[in-house]
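Welcome! Here are three short exercises to work through with the structure in view. Try each task before you read its solution.

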There are 2 protein chains.
Amino acid sequence: MSEEEFKSVSIIGVGLIGGSLALALKEKKIVSRIIGYGRDEGRLKEALKLGIIDDFTISLKDAALSELIVLATPLGIFEKIAKEISPFLKVDSIVIDVGSVKKYVVDTMENILPKQVHFVATHPIAGSDKTGYEHARSDLFKGARIIITPTEKTNKTALDKITKMWQKLGSSVEYMSAEEHDKIYALMSHLPHLISFCLVNTVEEIDKNLIKYAGSGFKDTTRIAKSSPDVWKDIFLMNRDNILKMLFVFIDKIEEIKQLISQDYSENKIIEFIMKAKKLREEID
Amino acid sequence: MSEEEFKSVSIIGVGLIGGSLALALKEKKIVSRIIGYGRDEGRLKEALKLGIIDDFTISLKDAALSELIVLATPLGIFEKIAKEISPFLKVDSIVIDVGSVKKYVVDTMENILPKQVHFVATHPIAGSDKTGYEHARSDLFKGARIIITPTEKTNKTALDKITKMWQKLGSSVEYMSAEEHDKIYALMSHLPHLISFCLVNTVEEIDKNLIKYAGSGFKDTTRIAKSSPDVWKDIFLMNRDNILKMLFVFIDKIEEIKQLISQDYSENKIIEFIMKAKKLREEID
(Lines give C-alpha, C1' and ligand atoms only; values in the text may rest on other atoms or scores of the structure.)
Protein backbone atom coordinates (compact mmCIF):
# COMPACT_ATOMS: atom_id res chain seq x y z
CA MET A 1 0.00 0.00 0.00
CA SER A 2 2.71 2.47 0.91
CA GLU A 3 5.73 1.42 -1.09
CA GLU A 4 5.86 4.79 -2.80
CA GLU A 5 9.26 6.41 -3.01
CA PHE A 6 7.77 9.87 -3.01
CA LYS A 7 4.61 11.16 -1.38
CA SER A 8 4.32 13.95 -3.89
CA VAL A 9 6.01 14.91 -7.11
CA SER A 10 5.62 18.23 -8.88
CA ILE A 11 5.95 18.22 -12.65
CA ILE A 12 6.93 21.70 -13.81
CA GLY A 13 5.80 21.67 -17.43
CA VAL A 14 3.27 18.97 -18.27
CA GLY A 15 4.25 18.29 -21.88
CA LEU A 16 5.23 15.07 -23.63
CA ILE A 17 8.11 14.27 -21.28
CA GLY A 18 6.57 15.66 -18.09
CA GLY A 19 3.24 14.01 -18.82
CA SER A 20 4.83 10.67 -19.70
CA LEU A 21 6.90 10.75 -16.52
CA ALA A 22 3.74 11.46 -14.51
CA LEU A 23 1.97 8.48 -16.08
CA ALA A 24 4.97 6.18 -15.60
CA LEU A 25 5.54 7.16 -11.96
CA LYS A 26 1.91 6.47 -11.16
CA GLU A 27 1.80 3.20 -13.07
CA LYS A 28 4.84 1.93 -11.17
CA LYS A 29 3.40 3.28 -7.90
CA ILE A 30 6.53 5.32 -7.24
CA VAL A 31 4.49 8.31 -6.12
CA SER A 32 1.14 8.79 -4.43
CA ARG A 33 0.32 12.26 -5.72
CA ILE A 34 1.39 14.17 -8.79
CA ILE A 35 0.98 17.92 -9.01
CA GLY A 36 1.21 19.53 -12.41
CA TYR A 37 2.45 23.08 -12.75
CA GLY A 38 1.94 25.18 -15.86
CA ARG A 39 0.94 28.64 -16.97
CA ASP A 40 -2.13 27.57 -18.92
CA GLU A 41 -4.85 26.58 -16.47
CA GLY A 42 -7.09 25.25 -19.23
CA ARG A 43 -4.47 22.78 -20.35
CA LEU A 44 -3.72 21.72 -16.78
CA LYS A 45 -7.43 21.01 -16.27
CA GLU A 46 -7.39 18.86 -19.38
CA ALA A 47 -4.35 16.93 -18.12
CA LEU A 48 -6.14 16.41 -14.81
CA LYS A 49 -9.23 15.16 -16.60
CA LEU A 50 -7.08 12.71 -18.59
CA GLY A 51 -5.68 11.38 -15.30
CA ILE A 52 -2.13 12.42 -16.10
CA ILE A 53 -1.86 14.50 -12.93
CA ASP A 54 -3.75 14.31 -9.61
CA ASP A 55 -3.82 18.01 -8.98
CA PHE A 56 -2.50 21.19 -10.53
CA THR A 57 -1.30 24.61 -9.59
CA ILE A 58 -0.32 27.78 -11.38
CA SER A 59 1.70 28.87 -8.35
CA LEU A 60 5.37 27.88 -8.32
CA LYS A 61 5.30 28.32 -4.57
CA ASP A 62 2.82 25.46 -4.23
CA ALA A 63 4.72 23.34 -6.73
CA ALA A 64 7.89 23.81 -4.68
CA LEU A 65 6.52 21.94 -1.68
CA SER A 66 6.80 18.39 -3.06
CA GLU A 67 9.54 15.93 -2.17
CA LEU A 68 10.53 15.68 -5.82
CA ILE A 69 10.36 18.53 -8.29
CA VAL A 70 10.85 17.76 -11.98
CA LEU A 71 11.81 20.56 -14.35
CA ALA A 72 10.31 19.62 -17.71
CA THR A 73 9.86 22.98 -19.40
CA PRO A 74 12.07 24.32 -22.20
CA LEU A 75 15.59 24.95 -20.84
CA GLY A 76 15.40 28.70 -21.21
CA ILE A 77 13.18 29.20 -18.18
CA PHE A 78 14.95 26.81 -15.78
CA GLU A 79 16.87 29.68 -14.21
CA LYS A 80 13.77 31.76 -13.57
CA ILE A 81 11.91 28.77 -12.11
CA ALA A 82 14.84 27.81 -9.88
CA LYS A 83 14.96 31.32 -8.47
CA GLU A 84 11.23 31.40 -7.83
CA ILE A 85 11.00 28.00 -6.12
CA SER A 86 14.19 28.29 -4.06
CA PRO A 87 12.72 30.12 -1.04
CA PHE A 88 9.99 27.48 -0.68
CA LEU A 89 11.82 24.22 -1.29
CA LYS A 90 11.81 21.86 1.68
CA VAL A 91 14.96 20.51 3.29
CA ASP A 92 16.21 17.34 1.55
CA SER A 93 13.77 17.67 -1.30
CA ILE A 94 15.14 16.60 -4.67
CA VAL A 95 15.04 18.65 -7.86
CA ILE A 96 15.71 16.98 -11.19
CA ASP A 97 15.48 18.17 -14.75
CA VAL A 98 14.94 16.35 -18.02
CA GLY A 99 16.64 18.87 -20.29
CA SER A 100 18.73 18.07 -23.37
CA VAL A 101 21.70 20.22 -22.35
CA LYS A 102 23.46 19.49 -19.08
CA LYS A 103 26.50 21.73 -18.42
CA TYR A 104 24.46 24.92 -18.42
CA VAL A 105 21.76 23.34 -16.29
CA VAL A 106 24.12 21.84 -13.71
CA ASP A 107 26.01 25.12 -13.31
CA THR A 108 22.83 27.16 -13.04
CA MET A 109 21.08 24.85 -10.59
CA GLU A 110 24.06 24.29 -8.31
CA ASN A 111 24.47 28.04 -8.17
CA ILE A 112 20.84 28.93 -7.45
CA LEU A 113 19.29 26.10 -5.44
CA PRO A 114 19.72 26.17 -1.64
CA LYS A 115 22.34 23.83 -0.17
CA GLN A 116 19.86 21.67 1.73
CA VAL A 117 18.10 20.74 -1.54
CA HIS A 118 19.56 18.05 -3.82
CA PHE A 119 19.82 18.56 -7.54
CA VAL A 120 20.27 15.66 -9.95
CA ALA A 121 20.63 16.41 -13.66
CA THR A 122 19.04 13.79 -15.92
CA HIS A 123 18.42 13.52 -19.65
CA PRO A 124 16.04 10.82 -20.83
CA ILE A 125 16.88 9.92 -24.44
CA ALA A 126 13.24 9.55 -25.29
CA GLY A 127 10.94 11.91 -27.01
CA SER A 128 9.38 12.58 -30.27
CA ASP A 129 8.59 15.33 -32.70
CA LYS A 130 5.15 15.20 -31.07
CA THR A 131 4.64 17.68 -28.29
CA GLY A 132 2.14 18.10 -25.47
CA TYR A 133 0.68 15.79 -22.83
CA GLU A 134 -1.81 14.59 -25.45
CA HIS A 135 0.97 12.31 -26.69
CA ALA A 136 2.17 11.27 -23.23
CA ARG A 137 2.69 7.53 -22.76
CA SER A 138 3.52 5.64 -19.58
CA ASP A 139 6.03 3.49 -21.50
CA LEU A 140 7.98 6.34 -23.10
CA PHE A 141 11.03 5.61 -20.95
CA LYS A 142 10.88 1.83 -21.15
CA GLY A 143 14.13 0.66 -22.71
CA ALA A 144 15.31 4.24 -23.04
CA ARG A 145 18.77 5.44 -22.10
CA ILE A 146 18.86 7.99 -19.28
CA ILE A 147 22.01 10.06 -18.96
CA ILE A 148 22.68 11.37 -15.46
CA THR A 149 25.48 13.90 -15.05
CA PRO A 150 26.54 14.01 -11.38
CA THR A 151 29.16 16.43 -10.08
CA GLU A 152 31.26 16.32 -6.91
CA LYS A 153 28.48 18.35 -5.30
CA THR A 154 25.76 15.81 -6.06
CA ASN A 155 24.22 14.19 -2.99
CA LYS A 156 24.82 10.42 -3.18
CA THR A 157 21.51 9.43 -1.57
CA ALA A 158 19.54 11.62 -3.95
CA LEU A 159 21.56 10.30 -6.89
CA ASP A 160 20.80 6.70 -5.91
CA LYS A 161 17.15 7.45 -5.43
CA ILE A 162 16.80 9.11 -8.83
CA THR A 163 18.84 6.38 -10.53
CA LYS A 164 16.52 3.74 -9.07
CA MET A 165 13.47 5.75 -10.03
CA TRP A 166 14.47 5.75 -13.71
CA GLN A 167 15.45 2.09 -13.55
CA LYS A 168 12.03 1.18 -12.16
CA LEU A 169 10.55 2.83 -15.25
CA GLY A 170 12.51 0.37 -17.37
CA SER A 171 15.24 2.78 -18.38
CA SER A 172 18.94 2.06 -18.48
CA VAL A 173 20.89 4.71 -16.60
CA GLU A 174 24.35 5.88 -17.60
CA TYR A 175 26.52 8.39 -15.75
CA MET A 176 28.84 10.79 -17.47
CA SER A 177 30.07 14.34 -16.98
CA ALA A 178 27.86 17.19 -18.16
CA GLU A 179 30.64 18.24 -20.54
CA GLU A 180 30.82 14.81 -22.14
CA HIS A 181 27.03 14.63 -22.41
CA ASP A 182 26.85 17.96 -24.17
CA LYS A 183 29.48 16.96 -26.73
CA ILE A 184 27.84 13.62 -27.47
CA TYR A 185 24.35 15.02 -27.88
CA ALA A 186 25.51 18.04 -29.86
CA LEU A 187 26.62 15.43 -32.39
CA MET A 188 23.96 12.75 -32.06
CA SER A 189 20.86 14.89 -31.54
CA HIS A 190 21.35 18.66 -31.78
CA LEU A 191 23.18 18.58 -35.11
CA PRO A 192 20.60 16.28 -36.78
CA HIS A 193 17.81 18.62 -35.66
CA LEU A 194 19.63 21.64 -36.99
CA ILE A 195 20.24 19.90 -40.32
CA SER A 196 16.65 18.78 -40.55
CA PHE A 197 15.34 22.33 -40.05
CA CYS A 198 17.78 23.54 -42.73
CA LEU A 199 16.70 20.87 -45.21
CA VAL A 200 13.03 21.83 -44.95
CA ASN A 201 13.92 25.51 -45.17
CA THR A 202 15.87 24.77 -48.34
CA VAL A 203 12.60 23.59 -49.89
CA GLU A 204 10.88 26.64 -48.43
CA GLU A 205 13.47 28.87 -50.10
CA ILE A 206 13.42 27.17 -53.50
CA ASP A 207 9.70 26.49 -53.89
CA LYS A 208 7.49 25.41 -51.03
CA ASN A 209 4.98 23.86 -53.42
CA LEU A 210 7.51 21.15 -54.16
CA ILE A 211 6.97 19.74 -50.67
CA LYS A 212 4.21 17.56 -52.17
CA TYR A 213 6.88 15.56 -53.99
CA ALA A 214 8.32 14.35 -50.69
CA GLY A 215 8.83 10.60 -50.60
CA SER A 216 9.51 8.43 -47.59
CA GLY A 217 13.21 9.38 -47.58
CA PHE A 218 12.50 13.10 -47.29
CA LYS A 219 9.81 12.48 -44.71
CA ASP A 220 12.06 10.42 -42.45
CA THR A 221 14.98 12.78 -42.80
CA THR A 222 12.85 15.73 -41.75
CA ARG A 223 10.49 14.18 -39.21
CA ILE A 224 12.36 15.94 -36.39
CA ALA A 225 11.87 19.28 -38.14
CA LYS A 226 8.39 19.19 -36.56
CA SER A 227 9.93 19.55 -33.10
CA SER A 228 9.10 22.43 -30.79
CA PRO A 229 10.71 25.78 -31.73
CA ASP A 230 10.79 26.88 -28.06
CA VAL A 231 12.57 23.75 -26.91
CA TRP A 232 15.09 23.77 -29.75
CA LYS A 233 15.89 27.46 -29.66
CA ASP A 234 17.04 26.94 -26.06
CA ILE A 235 19.05 23.81 -26.84
CA PHE A 236 20.84 25.53 -29.73
CA LEU A 237 21.74 28.54 -27.60
CA MET A 238 22.69 26.62 -24.48
CA ASN A 239 24.89 24.10 -26.24
CA ARG A 240 26.11 26.58 -28.83
CA ASP A 241 29.86 25.88 -28.68
CA ASN A 242 29.57 22.13 -29.03
CA ILE A 243 27.01 22.38 -31.80
CA LEU A 244 29.19 24.80 -33.75
CA LYS A 245 32.13 22.40 -33.45
CA MET A 246 30.09 19.49 -34.78
CA LEU A 247 28.63 21.66 -37.51
CA PHE A 248 32.15 22.51 -38.60
CA VAL A 249 32.92 18.83 -39.20
CA PHE A 250 29.58 18.30 -40.97
CA ILE A 251 30.26 21.22 -43.34
CA ASP A 252 33.62 19.63 -44.01
CA LYS A 253 31.90 16.39 -45.03
CA ILE A 254 29.52 18.32 -47.26
CA GLU A 255 32.50 19.98 -48.94
CA GLU A 256 34.15 16.59 -49.38
CA ILE A 257 31.20 15.02 -51.21
CA LYS A 258 30.62 18.25 -53.14
CA GLN A 259 34.16 18.08 -54.48
CA LEU A 260 33.75 14.41 -55.34
CA ILE A 261 30.56 14.82 -57.32
CA SER A 262 31.95 17.92 -59.06
CA GLN A 263 34.88 16.09 -60.54
CA ASP A 264 35.23 13.28 -63.04
CA TYR A 265 36.68 9.84 -62.32
CA SER A 266 35.57 10.06 -58.69
CA GLU A 267 33.24 7.02 -58.85
CA ASN A 268 35.26 4.88 -56.47
CA LYS A 269 35.72 7.65 -53.94
CA ILE A 270 32.00 8.41 -53.94
CA ILE A 271 31.21 4.73 -53.40
CA GLU A 272 33.74 4.67 -50.56
CA PHE A 273 32.14 7.76 -48.97
CA ILE A 274 28.65 6.27 -49.15
CA MET A 275 29.79 2.82 -48.05
CA LYS A 276 31.42 4.29 -44.93
CA ALA A 277 28.14 5.95 -43.95
CA LYS A 278 26.09 2.87 -44.81
CA LYS A 279 28.25 0.57 -42.69
CA LEU A 280 28.23 2.77 -39.61
CA ARG A 281 24.50 3.43 -39.91
CA GLU A 282 23.75 -0.27 -40.17
CA GLU A 283 25.32 -0.80 -36.75
CA ILE A 284 22.31 0.74 -35.02
CA ASP A 285 19.45 -1.18 -36.61
CA MET B 1 -7.56 -15.96 -69.25
CA SER B 2 -5.78 -13.81 -71.80
CA GLU B 3 -6.31 -10.26 -70.68
CA GLU B 4 -2.57 -9.76 -70.32
CA GLU B 5 -1.17 -6.55 -71.74
CA PHE B 6 2.21 -8.13 -72.37
CA LYS B 7 3.06 -11.71 -73.26
CA SER B 8 6.53 -11.33 -71.83
CA VAL B 9 8.39 -8.75 -69.79
CA SER B 10 12.12 -8.73 -69.18
CA ILE B 11 13.31 -7.23 -65.93
CA ILE B 12 16.91 -6.11 -66.32
CA GLY B 13 18.13 -6.02 -62.73
CA VAL B 14 15.99 -8.01 -60.31
CA GLY B 15 16.45 -5.91 -57.19
CA LEU B 16 13.94 -4.25 -54.88
CA ILE B 17 12.26 -2.23 -57.64
CA GLY B 18 12.62 -4.77 -60.44
CA GLY B 19 11.48 -7.60 -58.20
CA SER B 20 8.52 -5.65 -56.84
CA LEU B 21 7.44 -4.69 -60.35
CA ALA B 22 7.65 -8.37 -61.37
CA LEU B 23 5.44 -9.39 -58.44
CA ALA B 24 2.96 -6.59 -59.07
CA LEU B 25 2.66 -7.25 -62.80
CA LYS B 26 1.95 -10.91 -62.16
CA GLU B 27 -0.51 -10.23 -59.36
CA LYS B 28 -2.49 -7.89 -61.60
CA LYS B 29 -2.21 -10.36 -64.50
CA ILE B 30 -0.67 -7.72 -66.74
CA VAL B 31 1.91 -10.15 -68.05
CA SER B 32 2.02 -13.89 -68.68
CA ARG B 33 5.75 -14.45 -68.39
CA ILE B 34 8.50 -12.55 -66.60
CA ILE B 35 12.14 -13.06 -67.49
CA GLY B 36 14.75 -11.84 -65.06
CA TYR B 37 18.14 -10.76 -66.31
CA GLY B 38 21.15 -10.36 -64.08
CA ARG B 39 24.83 -11.14 -63.86
CA ASP B 40 24.63 -13.38 -60.81
CA GLU B 41 23.05 -16.68 -61.81
CA GLY B 42 22.81 -17.85 -58.20
CA ARG B 43 20.69 -14.88 -57.24
CA LEU B 44 18.49 -15.26 -60.31
CA LYS B 45 17.86 -18.89 -59.36
CA GLU B 46 16.84 -17.74 -55.89
CA ALA B 47 14.45 -15.16 -57.36
CA LEU B 48 12.99 -17.90 -59.58
CA LYS B 49 12.56 -20.19 -56.59
CA LEU B 50 10.77 -17.38 -54.72
CA GLY B 51 8.37 -17.05 -57.66
CA ILE B 52 9.41 -13.46 -58.39
CA ILE B 53 10.34 -14.33 -61.99
CA ASP B 54 9.20 -17.16 -64.28
CA ASP B 55 12.49 -17.62 -66.03
CA PHE B 56 15.91 -16.05 -66.08
CA THR B 57 18.77 -15.41 -68.43
CA ILE B 58 22.27 -14.06 -68.16
CA SER B 59 22.22 -13.17 -71.85
CA LEU B 60 21.08 -9.65 -72.72
CA LYS B 61 20.27 -10.94 -76.21
CA ASP B 62 17.60 -13.26 -74.79
CA ALA B 63 16.30 -10.53 -72.47
CA ALA B 64 15.90 -8.22 -75.46
CA LEU B 65 13.23 -10.39 -77.09
CA SER B 66 10.31 -9.48 -74.79
CA GLU B 67 7.54 -7.04 -75.66
CA LEU B 68 8.45 -4.94 -72.64
CA ILE B 69 11.95 -4.45 -71.30
CA VAL B 70 12.38 -2.77 -67.92
CA LEU B 71 15.74 -1.25 -67.02
CA ALA B 72 16.02 -1.57 -63.26
CA THR B 73 19.77 -1.63 -62.69
CA PRO B 74 21.83 1.29 -61.33
CA LEU B 75 21.78 4.16 -63.86
CA GLY B 76 25.45 3.90 -64.68
CA ILE B 77 25.06 0.79 -66.83
CA PHE B 78 21.93 1.82 -68.78
CA GLU B 79 24.01 3.01 -71.71
CA LYS B 80 25.96 -0.24 -71.95
CA ILE B 81 22.77 -2.29 -71.70
CA ALA B 82 20.97 -0.20 -74.32
CA LYS B 83 23.82 -0.70 -76.75
CA GLU B 84 23.89 -4.45 -76.15
CA ILE B 85 20.16 -5.04 -76.49
CA SER B 86 19.58 -2.69 -79.45
CA PRO B 87 20.41 -5.14 -82.26
CA PHE B 88 17.95 -7.70 -80.88
CA LEU B 89 14.96 -5.60 -79.85
CA LYS B 90 11.79 -6.43 -81.74
CA VAL B 91 9.80 -3.88 -83.74
CA ASP B 92 7.29 -2.00 -81.56
CA SER B 93 8.68 -3.41 -78.33
CA ILE B 94 8.69 -0.98 -75.42
CA VAL B 95 11.65 -0.16 -73.22
CA ILE B 96 11.10 1.62 -69.92
CA ASP B 97 13.40 2.47 -67.05
CA VAL B 98 12.77 3.09 -63.38
CA GLY B 99 15.79 5.29 -62.71
CA SER B 100 15.91 8.29 -60.38
CA VAL B 101 17.44 10.66 -62.94
CA LYS B 102 15.58 11.34 -66.17
CA LYS B 103 17.32 13.88 -68.45
CA TYR B 104 20.45 11.79 -68.83
CA VAL B 105 18.42 8.63 -69.36
CA VAL B 106 16.04 10.11 -71.92
CA ASP B 107 18.91 11.61 -73.93
CA THR B 108 20.93 8.41 -73.82
CA MET B 109 18.05 6.11 -74.70
CA GLU B 110 16.62 8.22 -77.50
CA ASN B 111 20.08 8.38 -78.95
CA ILE B 112 20.91 4.67 -78.74
CA LEU B 113 17.68 2.69 -79.13
CA PRO B 114 16.49 1.90 -82.69
CA LYS B 115 13.65 4.02 -84.07
CA GLN B 116 11.14 1.17 -84.26
CA VAL B 117 11.43 0.61 -80.49
CA HIS B 118 9.53 2.85 -78.07
CA PHE B 119 11.21 4.26 -75.00
CA VAL B 120 9.20 5.61 -72.05
CA ALA B 121 11.09 7.09 -69.09
CA THR B 122 9.45 6.44 -65.74
CA HIS B 123 10.42 7.05 -62.12
CA PRO B 124 8.39 5.33 -59.43
CA ILE B 125 8.66 7.31 -56.19
CA ALA B 126 8.81 4.17 -54.16
CA GLY B 127 11.70 2.40 -52.67
CA SER B 128 13.48 1.93 -49.49
CA ASP B 129 16.89 1.82 -47.94
CA LYS B 130 16.44 -1.95 -48.26
CA THR B 131 17.91 -3.45 -51.38
CA GLY B 132 17.54 -6.73 -53.25
CA TYR B 133 14.60 -8.85 -54.39
CA GLU B 134 14.46 -10.31 -50.87
CA HIS B 135 12.54 -7.16 -49.92
CA ALA B 136 10.38 -7.07 -53.05
CA ARG B 137 6.65 -6.51 -52.41
CA SER B 138 3.80 -6.66 -54.89
CA ASP B 139 2.25 -3.57 -53.27
CA LEU B 140 5.35 -1.37 -53.38
CA PHE B 141 3.80 0.87 -56.04
CA LYS B 142 0.30 1.00 -54.61
CA GLY B 143 -0.48 4.63 -53.86
CA ALA B 144 2.94 5.68 -55.11
CA ARG B 145 3.57 8.58 -57.43
CA ILE B 146 5.05 7.64 -60.81
CA ILE B 147 6.72 10.41 -62.75
CA ILE B 148 6.80 9.86 -66.52
CA THR B 149 8.89 12.25 -68.59
CA PRO B 150 7.76 12.07 -72.22
CA THR B 151 9.48 14.01 -75.01
CA GLU B 152 8.22 14.98 -78.44
CA LYS B 153 9.76 11.75 -79.67
CA THR B 154 7.78 9.54 -77.29
CA ASN B 155 5.33 7.20 -79.03
CA LYS B 156 1.81 8.01 -77.83
CA THR B 157 0.54 4.43 -77.88
CA ALA B 158 3.48 3.21 -75.85
CA LEU B 159 3.08 6.12 -73.44
CA ASP B 160 -0.59 5.28 -72.91
CA LYS B 161 0.16 1.62 -72.42
CA ILE B 162 2.85 2.29 -69.81
CA THR B 163 0.70 4.91 -68.07
CA LYS B 164 -2.14 2.39 -67.78
CA MET B 165 0.24 -0.30 -66.61
CA TRP B 166 1.38 1.82 -63.64
CA GLN B 167 -2.19 2.88 -62.91
CA LYS B 168 -3.28 -0.74 -62.76
CA LEU B 169 -0.65 -1.26 -60.08
CA GLY B 170 -2.40 1.41 -58.01
CA SER B 171 0.06 4.19 -58.76
CA SER B 172 -0.80 7.76 -59.60
CA VAL B 173 0.98 8.87 -62.76
CA GLU B 174 2.20 12.41 -63.35
CA TYR B 175 3.85 13.74 -66.52
CA MET B 176 6.55 16.37 -66.52
CA SER B 177 9.67 17.18 -68.49
CA ALA B 178 12.86 15.32 -67.65
CA GLU B 179 14.47 18.66 -66.75
CA GLU B 180 11.75 19.52 -64.27
CA HIS B 181 11.87 16.04 -62.79
CA ASP B 182 15.60 16.25 -62.21
CA LYS B 183 15.33 19.62 -60.46
CA ILE B 184 12.51 18.48 -58.18
CA TYR B 185 14.17 15.23 -57.17
CA ALA B 186 17.59 16.80 -56.75
CA LEU B 187 15.87 18.81 -54.01
CA MET B 188 13.40 16.32 -52.57
CA SER B 189 15.41 13.11 -52.74
CA HIS B 190 19.02 13.44 -53.89
CA LEU B 191 19.92 16.27 -51.49
CA PRO B 192 18.43 14.48 -48.44
CA HIS B 193 20.43 11.35 -49.30
CA LEU B 194 23.62 13.34 -49.67
CA ILE B 195 23.02 15.08 -46.33
CA SER B 196 22.23 11.82 -44.63
CA PHE B 197 25.51 10.24 -45.80
CA CYS B 198 27.37 13.34 -44.58
CA LEU B 199 25.72 13.26 -41.16
CA VAL B 200 26.73 9.65 -40.53
CA ASN B 201 30.23 10.38 -41.80
CA THR B 202 30.43 13.28 -39.36
CA VAL B 203 30.02 10.76 -36.55
CA GLU B 204 32.53 8.49 -38.28
CA GLU B 205 35.01 11.36 -38.33
CA ILE B 206 34.50 12.50 -34.74
CA ASP B 207 34.20 9.15 -32.97
CA LYS B 208 32.38 6.19 -34.49
CA ASN B 209 31.83 4.68 -31.03
CA LEU B 210 29.36 7.46 -30.32
CA ILE B 211 26.94 5.88 -32.80
CA LYS B 212 25.51 3.88 -29.88
CA TYR B 213 24.06 7.11 -28.47
CA ALA B 214 21.77 7.45 -31.50
CA GLY B 215 18.17 8.11 -30.53
CA SER B 216 15.11 7.90 -32.74
CA GLY B 217 15.80 11.34 -34.23
CA PHE B 218 19.25 10.39 -35.46
CA LYS B 219 17.99 7.03 -36.70
CA ASP B 220 15.19 8.55 -38.77
CA THR B 221 17.38 11.29 -40.16
CA THR B 222 19.94 8.77 -41.35
CA ARG B 223 17.79 5.81 -42.37
CA ILE B 224 18.45 6.57 -46.05
CA ALA B 225 22.20 6.50 -45.39
CA LYS B 226 21.80 2.72 -45.66
CA SER B 227 20.94 3.04 -49.36
CA SER B 228 22.97 1.34 -52.08
CA PRO B 229 26.34 3.00 -52.84
CA ASP B 230 26.19 1.84 -56.48
CA VAL B 231 22.76 3.31 -57.07
CA TRP B 232 23.55 6.61 -55.36
CA LYS B 233 26.97 7.13 -56.89
CA ASP B 234 25.25 7.10 -60.28
CA ILE B 235 22.44 9.41 -59.22
CA PHE B 236 24.90 11.95 -57.79
CA LEU B 237 27.00 11.96 -60.94
CA MET B 238 24.11 11.96 -63.40
CA ASN B 239 22.19 14.74 -61.73
CA ARG B 240 25.29 16.60 -60.60
CA ASP B 241 24.38 20.12 -61.72
CA ASN B 242 20.96 20.16 -60.12
CA ILE B 243 22.23 18.61 -56.90
CA LEU B 244 25.03 21.18 -56.63
CA LYS B 245 22.49 23.98 -57.08
CA MET B 246 20.28 22.63 -54.31
CA LEU B 247 23.30 22.02 -52.10
CA PHE B 248 24.25 25.66 -52.53
CA VAL B 249 20.93 26.77 -51.06
CA PHE B 250 21.19 24.21 -48.25
CA ILE B 251 24.67 25.46 -47.29
CA ASP B 252 23.19 28.94 -47.26
CA LYS B 253 20.56 27.81 -44.75
CA ILE B 254 23.24 26.17 -42.63
CA GLU B 255 25.16 29.45 -42.63
CA GLU B 256 22.01 31.34 -41.67
CA ILE B 257 21.28 29.22 -38.60
CA LYS B 258 24.99 29.11 -37.72
CA GLN B 259 25.06 32.90 -37.61
CA LEU B 260 21.89 32.99 -35.54
CA ILE B 261 23.09 30.58 -32.89
CA SER B 262 26.50 32.28 -32.77
CA GLN B 263 25.07 35.65 -31.82
CA ASP B 264 23.19 36.95 -28.79
CA TYR B 265 19.63 38.27 -28.78
CA SER B 266 18.74 36.03 -31.73
CA GLU B 267 16.05 34.02 -29.88
CA ASN B 268 13.16 35.28 -31.97
CA LYS B 269 14.94 34.75 -35.26
CA ILE B 270 15.87 31.20 -34.29
CA ILE B 271 12.27 30.48 -33.35
CA GLU B 272 11.14 31.95 -36.67
CA PHE B 273 13.64 29.76 -38.55
CA ILE B 274 12.50 26.60 -36.80
CA MET B 275 8.82 27.50 -37.04
CA LYS B 276 9.11 27.97 -40.81
CA ALA B 277 10.54 24.46 -41.16
CA LYS B 278 8.03 22.96 -38.75
CA LYS B 279 5.05 24.44 -40.58
CA LEU B 280 6.14 23.32 -44.03
CA ARG B 281 7.07 19.85 -42.79
CA GLU B 282 3.69 19.44 -41.11
CA GLU B 283 2.01 19.85 -44.50
CA ILE B 284 3.09 16.36 -45.56
CA ASP B 285 1.93 14.28 -42.60
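**Exercise 1. Find the domains of chain A and describe how they meet.**

Step 1. Chain A splits into domain 1 (6-176) and domain 2 (180-282), with bounds from an automatic or database domain assignment. This is a predicted model: local features need pLDDT of at least 70, side-chain atom pairs count only at pLDDT 80 or more, and totals for chains, interfaces and linings use all residues. Residues are numbered from 1 along each chain as its sequence is written, and chains are lettered from A in the order in which they are written.

Step 2. Over C-alpha atoms, the centres of the two domains of chain A lie 31 Å apart.

Step 3. In chain A, 14 residues of domain 1 are in contact with 16 residues of domain 2; contact requires C-beta atoms, placed from the backbone, within 7 Å.

**Exercise 2. Work out which part of chain A touches chain B.**

Step 1. Chain A and chain B give 70 residues each to the contact.

Step 2. On chain A, α7 (178-207), α8 (216-221), α9 (229-238), α10 (240-262) and α11 (267-282) each supply at least two residues; helices are DSSP runs (H or I, at least four residues), numbered from the N terminus.

Step 3. The largest share, 19 residues, belongs to α7(A).

**Exercise 3. Relate chain A to chain B.**

Step 1. A rotation of 180° with 0.0 Å of shift along its axis superposes chain A on chain B, with RMSD 0.0 Å (least squares on C-alpha atoms of residues with pLDDT of at least 70 in both).

Step 2. This is the relation of a two-fold axis.

Step 3. A:Thr221 is the residue of chain A closest to the rotation axis, at 1.9 Å (C-alpha).

Key
Two residues are in contact if their C-beta atoms, placed from the backbone, lie within 7 Å.
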